[in-house]
Structures are given as C-alpha cells and as structure tokens.
Amino acid sequence: MRKLSLVLAATLMAGALSACGSNGNTNDSSPAASGNGDTGKAKDVDLKVFVSLPRFKNQFEQYFEQFKKKELAEKNINVKISLEMPSADTADQILKSRMSGGDSPDVFTLHAVNDIPGFYRAGYLEDLSDQPFVGQLLEGVKSGVTFDDKILAVPLESVGWGMLYNKKIFRENNLKLPETVTEMKQLADELKAKDIQPFMIALKESWMAESFPTLAVGALNSSANPGFVDRMNEGTASYTELKGLTDTMDMLRDYGGKKVFELDGDQATAEFAQGNIAMWPAQGPWFAEAILKNDPDFELGVAPMPINDDPKSTLLNLSTSTSIGVAPDSKNKEVALDLVNYILDQKDSSAFYQSMMFNPVAESHTFSPYPWIEDVTGYASAGKAYDDPRIPSGVKNVSETLFQGYYAKDMTAEQVVQAMDKAWKDANELNKQ
C-alpha cells in the first residue's frame, strides 16, 4: 500500500496517474562531450536506437530530429540515428538475441517491471542514477525503473490497465461495470440481446494473450493469495493455488467469434474504435492514441477486469512499462546519454509524451490529464489497484503461447499450470547463475 500511495501522490502532483537532457540550463550538466568545440567541423556519431513502439514511428522520428538539431547546435555533434522499430510481438526476442550476440543497440526500449532485473544482472543496462533527468521523475513512476537502488531506465509509459470499455455504450444502455466473471457474462448476454458486441478479443499477437495471466497473478497476489510472487521466487508456491487463473478466458470463449486469431493490435483497435463493441478485456490505454485517431469523439474508459467471482480480486494494475535504457558498452555512450536525457527535456518532452497520449512521468509534464486517467485515479484512491508485480520475463514469455493455446483448447488448465510452474522454476535457476 505504501507503493500504491506513492503512485497516487504522483498522480496528484501531475494532475494524473499512469518512450534526455532537459531545457537549456539542465542540458549544461549533460555528460556528453562538446564534439569538436564551438567551431570547426562537427563530430559525426552514428547512434543505434531500438524502439518497440512502431505505432508511434512518426512521433519518435520527429522527436529525434529535434534532438539531432539540438546536439549539433549545442555540442557540434552531427548525430545520425539508425532507428529500428520491430513489433511488440517480436521485439523482446530480437533485442535479447542482439545483446547475447554482442550487437546491442546504443539505446533501447524494454519493459521496466519485466525486464530491468534480468537485463541488469546480465550487464546490459547502464546505471543512470546520476543523470539530469532523474531529478524530475515523479516518485510514483521512479520505483518502476529502480532496481538494486539504481535508476536504470527512463520511463515512457506509466499506465493503469485491466479492461477498456466504451463509456457511451454503458451510459446509453444504463449499464454497470461488472465486478465478477459471472456479472461479466450476464452483461455480455444483455449486450448481445441489444445487438451490441460485448467484447473485443484479439489474440493473433501473443503478447495480448499474456495479459490475462499477468492480471490474474497481480490481482490474486494482492487479494486472495498475498505473497504469491515472493513465494514463487523462493520456490515454495505453485500456480495450483490460484483460483481464477483461467476463469475470464473460459467465459470469453463463448463470445469471441471466429476472428480471434486473425486480429492483431492495429486491426482490433480499428474495430473497437467503430463504437459498437462494449469492452476490451486484458487491455490498457496504450491504444488510446490510435482509437482516438480513428474517432476523436470516442469515450474511452479504463476499469479493472474481473478474474473470478470475488469482487475483492477485481483490481486495476498500475505499471511503469515501456522504458528506455542505455547499453554499458556503447561506443557512443556520451551521445546516448544525451538522448535519454532529452527524452525528458523540460521544454520539449511534454509535447512528445502528449502526442502519444502517455501519462505524465516528470514534474515538467504539466499537460492536462486524459479522461481515462481520472478513472485510474479513482480506483487507486479507493484502494482498488495494485503495483504491477515483478514476474520474471521468462515466465511471461512462456505464458504468451500457453494462453493462446489454452484459448484455442489446445491445452488444458492442468497443462498450463504445470508449464507455468516450470517456467518460474527455470527463471529462478537462471537468476542464481
């Protein structure tokens, strides 16, 4: 609850809850060398940047152009950025393969809670604790990029997530958000009778399937099964303890239709934005920009997703997710550090974050909160939220295909539990090395 109160405090400070330098004054303390001085030929630097957010390609390209102009004007460094933007479904595997092969990008995105511990232990993350951007981080998001008492990344996405819903449909039909899986099914039947599609379910991309067990573990770890994650890390627990691991997915099979494994994120977003689908389970506002691009008047809501028939387990996940790190062995580390500091530039970063509809993460982020952030703030204030637990990235990677297979009835619940237990055991063994 102490962490949760920190998140809430950050929310109040920023006017909201939840991919470097800063203004001219702060940038003077940046560690980058000054190129070849104020006169003479500019120093050429080729920076390799890996960003797993291809839907924001235009925003990143524009922001990096601003950085290049700033670096040239202030440091006399001519920066060429080689930008790689794989899909979220393949980025993790590509990045880890590159790093293990000694071909790490200079700057790269990673999931704060999932990846930072493993990446840091493997020697893949530069300690950024002494960088200028750290001083303006909101406390509620700082904890997400902190490990071993070190700041290891710049936070991009700070989100509250569980289930997206269409507020207009709920308001016009006088509907109440469900607090249990049984209520969710009853609501779905009521919506079908009104010729409204109850759910958007899209599992072509495996990471969307992984969201279901992540929510179940997080909610149960904070309700019926306190300390579950810690005990799994100690090797003294099992997924057999969790009552509700697959309940939501079991119920959704009756409403998913035949296109579940044909829809990727972009396609599902476009369909959801058409306005005739009530709920999108196991999702968060990371698709908000694309939804509102399709329909600027769309009334997007965020709520906890029921995972069983206990309302006490219907909680919102608060997470610092996509963040940016620096490779310790970068040959252009000084410029790489300049770039990650510019991500939170006191003058320019507010517009950058707002263009992607991300939440404020720094004291200089003063833009107005989005309507769905008010939803998140309300749940956090009411104690209906929890800090995203650190589930090993290897466990989450395995659960992606497991839960795709489970939804398709290619695996039983018992097989899923056995495989998840093994994946966590393997992660524990890896961490001992």
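## Where H9 meets H17

In this predicted model, helix H9 (residues 206-221) and helix H17 (residues 393-407) have axes that come within 7 Å and cross at roughly 100°. The two helices are therefore roughly perpendicular to each other. On the H9 side, the contact is made by Ser206, Trp207, Ala209, Glu210, Pro213 and Thr214. H17 answers with Lys396, Ser399, Glu400, Phe403 and Gln404.

What's the chemistry like here? Sorted by class, the contact of H9 with H17 is a mix of 4 nonpolar, 4 polar and 3 charged residues.

## H17 and its other partner, H18

H17 also packs against helix H18 (413-432). This time the angle is about 170°, with the axes 9 Å apart. That is over 145°, so H17 is roughly antiparallel to H18.

From H17, the residues involved are Val395, Val398, Ser399, Leu402, Phe403 and Tyr406. They meet Ala413, Val416, Ala419, Met420, Ala423, Trp424 and Ala427 in H18. By class, the contact of H17 with H18 comes out at 12 nonpolar, 1 polar and no charged residues. If you're browsing the model, Ser399 and Phe403 are worth picking out: both appear in the contact with H9 and again in the contact with H18.

## Two loops with a positive phi

Most residues other than glycine have a negative phi. Lys409 goes the other way, with a phi near 65°, and its place is in the loop between H17 and H18.

Met357 also has a positive phi, near 60°. You'll find Met357 in the loop between helix H15 (349-355) and helix H16 (371-381).

## The five-stranded sheet

Now for the strands. An open sheet of 5 strands runs in the order S2-S1-S3-S12-S6, with mixed pairing. Which strands sit at the edges? They are strand S2 (77-84) and strand S6 (154-155), each pairing on one side only.

At the S6 edge, 2 bridges join S6 to strand S12 (residues 322-326), and the two strands run antiparallel. Val154 stands opposite Ile324 in S12. Over by the S2 edge, helix H3 (residues 57-75) lies across strand S1 (43-50) and S2, running at about 160° to S2.

## The second largest pocket

The second largest pocket has a volume of about 970 Å³. How many residues line the second largest pocket? There are 40, and those nearest its centre are Ser52, Ala88, His111, Trp207 and Thr322. Trp207 is a familiar name, since Trp207 is part of the contact between H9 and H17. By class, the lining divides into 12 nonpolar, 16 polar and 12 charged residues.

Several elements supply at least two residues each to this lining: helix H4 (88-100), strand S3 (107-111), helix H5 (112-121), H9, helix H12 (265-272), strand S11 (316-320) and H17. H4 gives the largest share, with 7 residues. The pocket also ties back to the parts above: H9 and H17 both help to line it, and S3, another contributor, belongs to the five-stranded sheet.

Terms used
Residues are numbered from 1 along each chain as its sequence is written. This is a predicted model: local features need pLDDT of at least 70, side-chain atom pairs count only at pLDDT 80 or more; totals for chains, interfaces and linings use all residues. Side-chain values use heavy atoms; hydrogens and water are left out. Axes are lines fitted to C-alpha atoms, for helices over the stretch in contact, and angles run from 0 to 180 degrees between N-to-C directions. Helices (H or I, at least four residues) and strands (E, at least two) are DSSP runs, numbered from the N terminus. Angles under 35 degrees count as roughly parallel, over 145 as roughly antiparallel, 65 to 115 as roughly perpendicular and the rest as oblique. Contact means heavy atoms within 4.5 Å. Ala, Val, Leu, Ile, Met, Phe, Trp, Tyr, Cys and Pro count as nonpolar, Asp, Glu, Lys and Arg as charged, and the others, Gly among them, as polar. Two strands pair if DSSP finds at least two bridges between them. On a 1 Å grid over the protein atoms alone, a cavity is a set of points where a 1.4 Å probe fits but cannot get out, and a pocket is an open set with protein on both sides within 12 Å along at least five of seven lines; lining residues have an atom within 4 Å of a point. Grid points are joined across faces, edges and corners, and a volume is the space filled by probe spheres set on the points.
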